[in-house]
Amino acid sequence: MVREATKNDLNDLLQLYLHLHEDKIPEDSQNLRETWETIQGDRNHHIILNEVNGILVSSCVCVIIPNLTRNVRPYAFVENVVTHEKYRGRGYATECLNYAKQIAIENNCYKMMLLTGSKKQSTLNFYAKAGYNNTDKTAFIQWLE
């Protein structure tokens, strides 16, 4: 079942992020709780979850970004696409991305963007199959300490 995250999903989501690039769950802190509350209260920030038999197996984030160009139409940014290792290759992340696409359409977005740090051809093929291309734009990232 694909749905948006609720207040009670934080711990399961943090567990799932161990299959993304995190090596540990952040300690329970005021900063963590305040960040979660901020995300939950932001109508433009969507954390999409896919559950199978009550187990969180896949997720992505879709943020709608207001914009003054393109006829004042927003755009969507997709981040943190992850599937639990035991559940990969079954279409769960695709279902999350499709849900994100529906959110973008409902918000009149003119485009969706995502970045991946993966160089694996299978990952790049996955995003291409989901409708994304890597030829229209060039991404530059500046990491901040």
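The expected span of a helix is 1.5 Å times one less than its number of residues. I applied this to α2 in the structure above, which is a predicted model.

**Entry 1: helix α2**

I took residues 30–41, the twelve residues of α2, and looked up the span from the first C-alpha to the last. The helix reaches 16 Å, close to the 16 Å expected at 1.5 Å a residue.

I then asked which residues of α2 are buried. They are L32, W36 and I39. These residues cover an arc of only 65° around the axis, which puts them on the same side of α2. On the other side of the helix I found Q30, N31, E37, T38 and G41 exposed.

My next item was what the buried residues of α2 pack against. Their partners are α1 (10–16) and β2 (45–52).

**Entry 2: residue D9**

I located D9 in the loop between β1 (2–4) and α1. Is D9 buried or exposed? Its relative accessible area is 8%, and the cut-off for buried is under 20%, so D9 counts as buried.

I listed the contacts of D9, leaving aside neighbours within four places in sequence. R3, E4, W36 and L49 are in contact with D9. W36 is also one of the buried residues of α2.

**Entry 3: strands β3, β4 and β5**

I examined the pairing of β3 (residues 55–65) with β4 and recorded seven bridges in the antiparallel sense. For S59, I noted V82 in β4 as the bridge partner.

I also checked β4 against β5. These two strands run parallel and are joined by three bridges. The bridge partner of F77 is M113, in β5.

**Entry 4: aromatic rings and Y75**

I searched the whole structure for aromatic pairs and obtained three. One that I followed up is Y75 with Y110. The ring centres of Y75 and Y110 are 6.4 Å apart and the planes stand at 75°; planes over 60 degrees apart count as edge-to-face, so the pair is assigned to that class.

I asked where the two residues of this pair lie. Y75 belongs to strand β4 (residues 75–83), whereas Y110 is in the loop between α3 (92–106) and β5 (112–114). The pair therefore ties together parts that are 35 residues apart in sequence. I looked up the accessibility of Y110 as well: at 25% relative accessibility, Y110 counts as partly exposed.

Finally, I noted a charge at the ring of Y75. The charged end of K111 sits over this ring, 5.5 Å from the ring centre.

Note on methods: Residues numbered from 1 in each chain as written. Predicted model: local features only at pLDDT ≥ 70, side-chain atom pairs only at ≥ 80, totals over all residues. Heavy atoms only, no water. Helix = DSSP H or I, 4+ residues; strand = E, 2+ residues; numbered from the N terminus. Buried < 20%, exposed > 50% of the residue type's maximum accessible area, 1.4 Å probe, protein only. Arc of directions from axis to C-beta. Contact = heavy atoms within 4.5 Å. Phe/Tyr/Trp six-rings, centres within 6.5 Å; stacked < 30°, edge-to-face > 60°. Lys NZ or Arg CZ within 6 Å of the ring centre and 35° of its normal. Pairing = 2+ DSSP bridges.
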